[in-house]
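This briefing goes through one protein chain by topic. The points cover charged pairs, nonpolar packing, helices and a few single residues.

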Amino acid sequence: MNYENSLDYAKQLDKEDSLAYLRNEFHIPKDSNGNDWLYFTGNSLGLQPKQTQKYIQQELDDWAKYGVEGHFEAKNPWMPYHEFLTDKMAKIVGAKPLEVVVMNTLTTNLHLLMVSFYQPIQKKYKIVIESDAFPSDRYAVQSQLKFHGIDPNEGLIEWKPREGEELLNIKDLEQIVEENGDEIALLLIGGVNYYTGQYLDLKRIAEIGHSKDCVVGIDLAHGAGNINPDLHESGVDFAAWCTYKYLNSGPGSLSGLFVHEKHAHNKDLPRFAGWWNHNKDTRFNMRQPFDVMPGAEGWQLSNPPILSMAAIRSSLDLFDKVGMEALRNKSERLTGYFEYLINEIDTDRIKIITPSNSKERGCQLSIQVKNADKSLHKKLTENNIITDWREPDVIRCAPVPMYNSFEDVFRMVSILKTLL
């Protein structure tokens, strides 16, 4: 698009935006004078939908009214409550309902998935991650290696950017797998890198891994609700994601889990078990031998936390009304305008390290500021701009299409320019 660098133009884009009404569906934090914050950290914690309180209150009311009978008598019965989330979550990540369940939290789910899909043998035991994977993923993988008696220094292979570059090159992953594939058991890759915002080609990663009989898993923490990962079509074996970032479910809320249909009926996959991944028809017979459920539900362990799921249900209902295609289209325009305005700042101190190709990024832009330190982030905060600082010199900003406006973006860049 041919953008213009003016407040009037930004306001005009908001008037033309068919999704602008969504902003009114969210609580926007305000300063002490009642002015809206410029909130750009949906990549860390999404804002609260106004209807979420009503959804949670319904379950609190039914708990007060019915006690344990709420499992069957509540307006939204608790026994099958997780099933109310499945279809809408599956749409968001491009999966079949059989392939998706909401349960636990992200790193817990990654561990449970690795119990099943990381099965090292004497020669084929190594794991590939990005060199700048999110720390929790690195710790999880290192601990899995140790659990199997493997030295992480020996068992971990890192996919690194090339010298002098910030972004990962898919050809380097091809080379890693081509040269080491006979020793690699698992690729566990972040679908959208938390630091650079780079959106990787999941289908190509799956093809590369599977060419050498490696299992392929994806951490979609920064992807779910942000990009269209098309998990089923990608062919990856498994994935997990949190819901408190772009899916606006509240701090520390539950995780989503995907297991590809090709594994849905494999009862021989090793896994940890609990009563909630047992056949739901005989679950309450109590004394039956374990009979694992097919599909992603077969990785559940415990009955679901209803209050947390109520918040997820609130958010998923909003997503379902709008659809990921419309949100993604707005996201590309909004982030494109943000990129244009950043590039309009007349300075050599700023560099956007996120890919400029909109198909290779979500709504996050990672802005590298030469000779900056966290004092810049502090000054932004003092100007009611909420961003995310990552050492040594990067500001992560996510204009979220659900609630950020073109005017938000213009005002943020104007203040950043003044501070620089």
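Asp17 and Lys330 form a salt bridge in which the closest N and O atoms are 2.7 Å apart. The pair links distant parts of the chain, 313 residues apart: Asp17 is in the loop between helix 1 (7–16) and strand 1 (38–39), and Lys330 is in helix 12. Both Asp17 and Lys330 are buried. The model is a predicted one.

**Salt bridges**

- A search of the whole structure gives 25 salt bridges.
- Lys262 and Asp237 meet through their side chains in a salt bridge, at 3.5 Å from N to O. Lys262 lies in the loop between strand 8 and helix 11, and Asp237 in the loop between helix 10 (231–234) and strand 7, so this pair ties together parts that are 25 residues apart in sequence.
- Lys262 has 44% relative accessibility and therefore counts as partly exposed, whereas Asp237, at 5%, counts as buried.
- Arg328 and Glu332 form a salt bridge between their side chains, at 3.8 Å from N to O. Both residues lie in helix 12, four residues apart, which is about one turn of the helix.
- An α-helix has 3.6 residues a turn, so residues three or four places apart point the same way.
- Arg328 and Glu332 are both buried.
- A network of salt bridges links Arg23, Lys30, Asp36 and Asp408.

**Nonpolar cores and a surface patch**

- The largest nonpolar core has 65 residues, and Val128, Trp159, Leu187, Leu231, Trp241 and Met402 have the most contacts inside it. Helix 11 (residues 306–322) gives the largest share of this core, with eight residues.
- Another core, of 31 residues, lies apart from it; among its members are Met103, Ile129, Ala140 and Phe238.
- Beyond its neighbours within four places in sequence, Val128 is in contact with Ile157, Trp159, Leu173, Ile176, Ile184, Leu186, Leu187, Leu188 and Ile189.
- On the surface, Leu60, Trp63 and Leu307 make a nonpolar patch of about 290 Å².
- Leu60 is placed in helix 2 (residues 52–66). Its relative accessibility is 31%, so Leu60 counts as partly exposed.

**Helix 5 and His111**

- Helix 5 (residues 106–117) has 12 residues and spans 16 Å from its first C-alpha to its last, close to the 16 Å expected at 1.5 Å a residue.
- Nine of the 12 residues of helix 5 are buried, so the helix is largely enclosed by the rest of the structure.
- The buried residues of helix 5 are Leu106, Asn109, Leu110, Leu112, Leu113, Met114, Val115, Ser116 and Phe117.
- These buried residues pack against strand 2 (100–103), helix 6 (135–147), strand 5 (184–190), strand 6 (215–219), strand 7 (238–242) and strand 8 (255–259).
- His111 is also found in helix 5. At 24% relative accessibility, above the 20% limit for a buried residue, His111 counts as partly exposed.
- Not counting residues up to four places away in sequence, His111 touches Ala140, Ser143 and Gln144.
- The C-alpha atoms of His111 and Asp137 are separated by 9.5 Å, and the two residues are 26 residues apart along the chain.

**Helix 14**

- Helix 14 (residues 406–419) has 14 residues and reaches 20 Å from first to last C-alpha, close to the 20 Å expected at 1.5 Å a residue.
- Its buried residues include Phe406, Val409, Phe410, Met412, Val413 and Leu416. Asp408 is buried in helix 14 as well, and belongs to the salt-bridge network with Arg23, Lys30 and Asp36.

**Two buried polar residues**

- Lys126 is found in strand 3 (residues 126–130). Its relative accessibility is 11%, so Lys126 counts as buried.
- Lys126 touches Glu154, Gly155, Ile157, Glu183, Ile184, Ala185 and Leu186, leaving out residues up to four places away in sequence.
- Thr335 lies in helix 12 (residues 324–344). With 1% relative accessibility, Thr335 counts as buried.
- Leaving out residues up to four places away in sequence, Thr335 touches Arg361, Gly362, Cys363, Leu365 and Pro399.

How values were computed: Residues numbered from 1 in each chain as written. Predicted model: local features only at pLDDT ≥ 70, side-chain atom pairs only at ≥ 80, totals over all residues. Heavy atoms only, no water. Core = buried A, V, L, I, M, F, W, Y, C linked by side-chain atoms within 4.5 Å. Buried < 20%, exposed > 50% of the residue type's maximum accessible area, 1.4 Å probe, protein only. Helix = DSSP H or I, 4+ residues; strand = E, 2+ residues; numbered from the N terminus. Contact = heavy atoms within 4.5 Å. Patch = residues over 30% accessible without salt bridge, like charges linked within 9 Å, V, L, I, M, F, W, Y side chains within 5 Å. Areas by Shrake-Rupley, 256 points an atom, 1.4 Å probe, with all protein chains shown as cover. Salt bridge = Lys/Arg side-chain N within 4 Å of Asp/Glu carboxyl O. Expected span 1.5 Å × (residues − 1).
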